[in-house]
Amino acid sequence: MKNVEDTIAAIATAQGEAAIGIIRLSGNSAFNIVDSFFVSTKKRIHKPSRKLIHGILQDKNRILDEVLVNYRRGPKSYTGEDMVEIYAHGGTVVLSEILTLFLTNGARLAEPGEFTFRAFLNGKMDLAQAEAVIDVIQAKNKEALKIAQQQLQGKLSKEILSIKEILVEVLAHTEAAIDFSTEDIDVFSSEEMAQKIKKAETKTQIILNTYERGKQLQEGIRVAIIGRPNVGKSSLLNAFLNRERAIVTEEEGTTRDTIEEEFFYQGVGFRFIDTAGIREAHNKAEKIGIEHSFEKMKTADVVLIVIDGSSSLFPQDRVLLDMSFSQKKIVVLNKIDVPQNTYIEIEVKKFRYSTLRKVSALKKEGIKELLSAIHQEATAQHINSEDVLITKERHKMALENATRYLNDYLEGAKEKRALEFLALDLKSAVNELELILGRVTTEDVYDKIFSSFCIGK
Ligand SMILES: Nc1nc2c(ncn2[C@@H]2O[C@H](COP(=O)(O)OP(=O)(O)OP(=O)(O)O)[C@@H](O)[C@H]2O)c(=O)[nH]1
Ligand SMILES: [Mg+2]
């Protein structure tokens, strides 16, 4: 990020024609820069109490636009600094003219997320909350929005702080015991300390366990449709989407590469991935396509192993059933509209699988039932609707590390390791928690987080 002393400016609304467009400025000179060009319709403005004022922006004698100007004195503003927001007409040219005027008169163009970064620097929010700002903007569904709003309101931060408090308390007692080991002072017994740390570890683990679900809610449940050629994978994708998205033919090897489509059903987001049929590849392109199928299979939340119920069980079918043994999966017997080979069901049941569903992708039979089975499979882990969910790899990693340090502590305490070592484990765990809140974070982490923002936020 560039100099935090600069006054920054940016267009805060999306490009294109709209009723209004907003330009914002933040920094010490924000008021002065705007005031050099703003002519209020009211004759006299009582400056200290000014808030929302109507008037005209003009450069020398040229009128740029009729606007409303909102002044906010720091620290009572989004960034914590003096801020001005200008509500102008929402046209690309008019907004860029106004912005250019400010940029040539003392302001600098804000970098992506720089307003929020300043809000963070000025203690308006912690890092976890700042990250949630972009999640609110980018939320693709109601659930994702709910998680983002919770984090923005500081629910996650509060949970993290409550864990940290336990650790800091035990750390204080540990250090007291180190410093005054010979004196008779009232410190927690080592059992008490271990008990408290165990509690903190459980709390950390509970939050950590929400990652998978949080990510699914944010991005949709990733469902890979896998099977040998011609079993009806693309037909199944089309049946889910209720439109002819993928090409379907009676020839084997029709789908050459993966096709991903998002789909919402009863408020749940799915991301379906149709893949190339698994067989001995006939050429280079197909070979690469099949490699992609395997990759998608590995990273999916739920795998659908599609089998043609009217044919017999092929060696490839068996290979896929074997390969996916450790994954959440549903075996889908397709083509139930034609006479079935009953032997297949008996054979399939010999493999370890969680659910078997029968459908006809062609006649769109059993599709809704399959969707709810997928939903159930993906969300097998029960999470309370009021629980705080995490969705970020960064948070997950910090919590994993914290859990590791806490377990090291617990093991060390059991082995009666020296208090100095136990204190180190606690300090490391506290450090990890602080990473989430942004108390000890480095410049490059900030850059990474805020560069995903839009300019003007
Ligand atoms: N009777 C019947 N035929 C089906 C059904 N689903 C798919 N088919 C037929 O099976 C053939 C193959 O369907 P696709 O959906 O292209 O199969 P695929 O698994 O995507 O095949 P590849 O892309 O080659 O791996 C087509 O002729 C489909 O019409 C079904 O439920 N019933
Ligand atoms: Mg296909």
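User: What makes two strands count as paired, and how do β11 and β12 meet that rule?

Analyst: Two strands pair if DSSP finds at least two bridges between them. In this predicted model, six bridges join strand β11 (residues 302–308) to strand β12 (residues 329–334). Six bridges satisfy a rule that asks for at least two, and therefore β11 and β12 are called a pair. The two strands run parallel, and Leu304 stands opposite Ile330 in β12.

User: To which sheet do β11 and β12 belong, and what is its strand order?

Analyst: They belong to an open sheet of six strands with mixed pairing, in the order β9-β10-β8-β11-β12-β13. What makes β9 (259–265) and β13 (355–358) edge strands is that each pairs on one side only. Neighbouring strands of this sheet are turned by 25° against each other on average, direction ignored.

User: How do you know that helix α9 packs on this sheet, and which strands does α9 touch?

Analyst: A contact requires heavy atoms within 4.5 Å. Helix α9 (residues 233–241) touches β8 (221–227), β9, β10 (268–274), β11 and β12, and its direction makes about 150° with that of β8. Helix α11 (residues 315–323) also packs on the sheet, touching β8, β11 and β12. The direction of α11 makes about 160° with that of β11.

User: Why is one side of β3 and of β7 left without a neighbour in the other sheet?

Analyst: That open sheet has seven strands in the order β3-β4-β5-β6-β2-β1-β7, with mixed pairing. Both β3 (38–40) and β7 (108–109) stand at its edges with a single partner strand each, so one side of each has no neighbour in the sheet.

User: How do you know that β1 pairs with β7, and in what sense do they run?

Analyst: Strand β1 (residues 8–11) and β7 are joined over two bridges, in the parallel sense. The rule asks for at least two bridges, so this pair meets it. The bridge partner of Ile8 in β7 is Arg108, and that of Ala9 in β7 is Leu109. Helix α3 (residues 114–121) packs on this sheet, touching β1, β2 (18–26), β6 (83–90) and β7.

User: What makes β1 and β2 an antiparallel pair, and which residue of their hairpin takes a positive phi?

Analyst: Four bridges join β1 to β2, and the two strands run antiparallel. Ala9 has Leu25 as its bridge partner in β2. The hairpin has six residues between the strands, and Gly16 takes a positive phi near 115°.

User: How do you know that Asp337 makes a polar contact with ligand 1?

Analyst: A polar contact is a pair of N or O atoms within 3.5 Å. A polar side-chain atom of Asp337 lies 2.8 Å from a nitrogen atom of ligand 1, so the pair falls within the cut-off. A polar side-chain atom of Lys335 lies 3.1 Å from an oxygen atom of the ligand. For Val231, a polar backbone atom is 3.3 Å from an oxygen atom of ligand 1. The protein covers 90% of the 650 Å² of accessible area that ligand 1 has on its own.

User: How many residues surround ligand 1, and which are the closest?

Analyst: There are 23 residues around ligand 1, the closest being Lys233, Ser235, Gly253, Thr255 and Asp337.

User: How does the radius of gyration of the protein compare with that of a compact globule of 457 residues?

Analyst: Such a globule would have a radius of gyration near 23 Å, whereas the protein has 29 Å. Its C-alpha atoms fill a box of roughly 90 × 80 × 40 Å along the principal axes.

Technical notes
Residues are numbered from 1 along each chain as its sequence is written. Chains are lettered from A and ligands numbered from 1 in the order in which they are written. This is a predicted model: local features need pLDDT of at least 70, side-chain atom pairs count only at pLDDT 80 or more; totals for chains, interfaces and linings use all residues. Side-chain values use heavy atoms; hydrogens and water are left out. Axes are lines fitted to C-alpha atoms, for helices over the stretch in contact, and angles run from 0 to 180 degrees between N-to-C directions. A residue is near a molecule or strand if one of its heavy atoms lies within 4 Å of it. A polar contact is a pair of N or O atoms within 3.5 Å; within protein, one must be able to donate a hydrogen and the other to accept it, and residues adjacent in sequence count only if both atoms are side-chain atoms. Accessible areas come from the Shrake-Rupley method with a 1.4 Å probe; for residues, only the protein chains shown count as cover. The radius of gyration is taken over C-alpha atoms; the globule rule is 2.2 Å times the number of residues to the power 0.38.
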